[in-house]
Amino acid sequence: MRLDKFLAISSIGRRKDVRSYIKEGMVKVNGSLITEPAIEIDENSDVIEYLNKVVTYIGKVYYMFNKPAGCVTARRDDVNKTVFDYFNDVNMEGIFHVGRLDKDTEGLLLLTNDGEFEHKLMYPEKHVEKTYYFWALGSLHEDDIKKLKEGLYIQKGEIRTRPAKIQVQNCGTYKEYKHEMNINNLYNIDSNYYNQPVVSGYLTISEGRKHQVKRMLKAVGCYVVYLKRVSIGELKLDESLDKGQYRVLNEDEIQSLIGNLKK
Ligand code: URA
């Protein structure tokens, strides 16, 4: 592996920065000062030092996290808990979240230190499918479903959404379904809503616009009150993970995500 890449993935700095560190003489390989960022090193046997401290090779890591509602997808937040606060026993230096979920959205979130993995999954032209389970106030009629399937305009000036997949699961009144709706305390729904129609289902989108699921459903008259991401591409959320728990992805899962995606 190239020396600059090794230092970047070991969280010493961005590629651009580590190249300067190397050129400025801050890096040694097996005790010798090296000023050429492109030299090849063996990450498993060579001893690399940055400012006279040995750099430990971490390698690439991939986590699946079951995000609870109420925490924000950000490295830091002055008010709210962040997704990183759930990784107490892991060194999270250099690790970032792949895309975002809203504060009130639950479910599958990936975190990694592999920039190429993130790029492959998130690049808009890759159209990786993401499926969300929702509960919403409102009803979905045949023409609404047709609009969602064909793609619709969610905001003036924005292009039409790509065609989505929609599978309605339940429809009825709030009174009938309120115990199944998992509405968290971020929403305050009172008894005035008892006869309000509600609907649940799965919406699969292949883009990543801000609040896209909520805005698409809003465009057909439905107000989302519960949202959970259940899959990204072929990868399903491991339902044995409680909210707030995480685990590493295995090799098959990583390949199922990026195996078919070209650079
Ligand atoms: N769409 C939304 O509206 N919110 C999310 O968190 C993810 C997708």
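Guide: A polar contact is a pair of N or O atoms within 3.5 Å; within protein, one must be able to donate a hydrogen and the other to accept it, and residues adjacent in sequence count only if both atoms are side-chain atoms. Welcome to this predicted model, where local features need pLDDT of at least 70, side-chain atom pairs count only at pLDDT 80 or more, and totals for chains, interfaces and linings use all residues. Residues are numbered from 1 along each chain as its sequence is written, and side-chain values use heavy atoms, with hydrogens and water left out.

Visitor: Which residue has a backbone N or O atom 3.1 Å from a nitrogen atom of the ligand?

Guide: Let's go through the backbone contacts. His211 places a backbone N or O atom 3.2 Å from a ligand oxygen, and Lys214 does so at 3.1 Å, also from an oxygen. The backbone partner of a ligand nitrogen, at 3.1 Å, is Val213.

Visitor: Which element gives the most to the shell around the ligand?

Guide: Residues surrounding the ligand (a heavy atom within 4 Å) include Tyr132, His211, Gln212, Val213 and Lys214. Helices (H or I, at least four residues) and strands (E, at least two) are DSSP runs, numbered from the N terminus. With three residues, the element that gives the most to this shell is α6.

Visitor: Is Asp114 buried or exposed?

Guide: Asp114 meets Lys60 in a salt bridge at 4.0 Å, N to O (a side-chain nitrogen of Lys or Arg within 4 Å of a carboxyl oxygen of Asp or Glu). The two sit 54 residues apart, with Asp114 in the loop between β7 and α3. The classes are buried, under 20% relative accessible area, exposed, over 50%, and partly exposed in between (1.4 Å probe, protein chains only). Because its relative accessibility is 7%, Asp114 counts as buried.

Visitor: How many residues apart in sequence are the parts that Glu129 and Lys165 tie together?

Guide: The side chains of Glu129 and Lys165 form a salt bridge at 2.9 Å, N to O. Glu129 lies in the loop between α3 and β8, and Lys165 in strand β9, so the separation of the parts they tie together, in residues, is 36.

Visitor: What is the relative accessible area of Arg215?

Guide: Arg215 and Glu158 share a salt bridge at 3.0 Å, N to O. Arg215 belongs to helix α6 and Glu158 to the loop between α4 and β9, so the pair ties together parts 57 residues apart. Salt bridges with shared partners join both of them with Glu207 and Arg209 in one network. Arg215 counts as buried because its relative accessible area is 17%.
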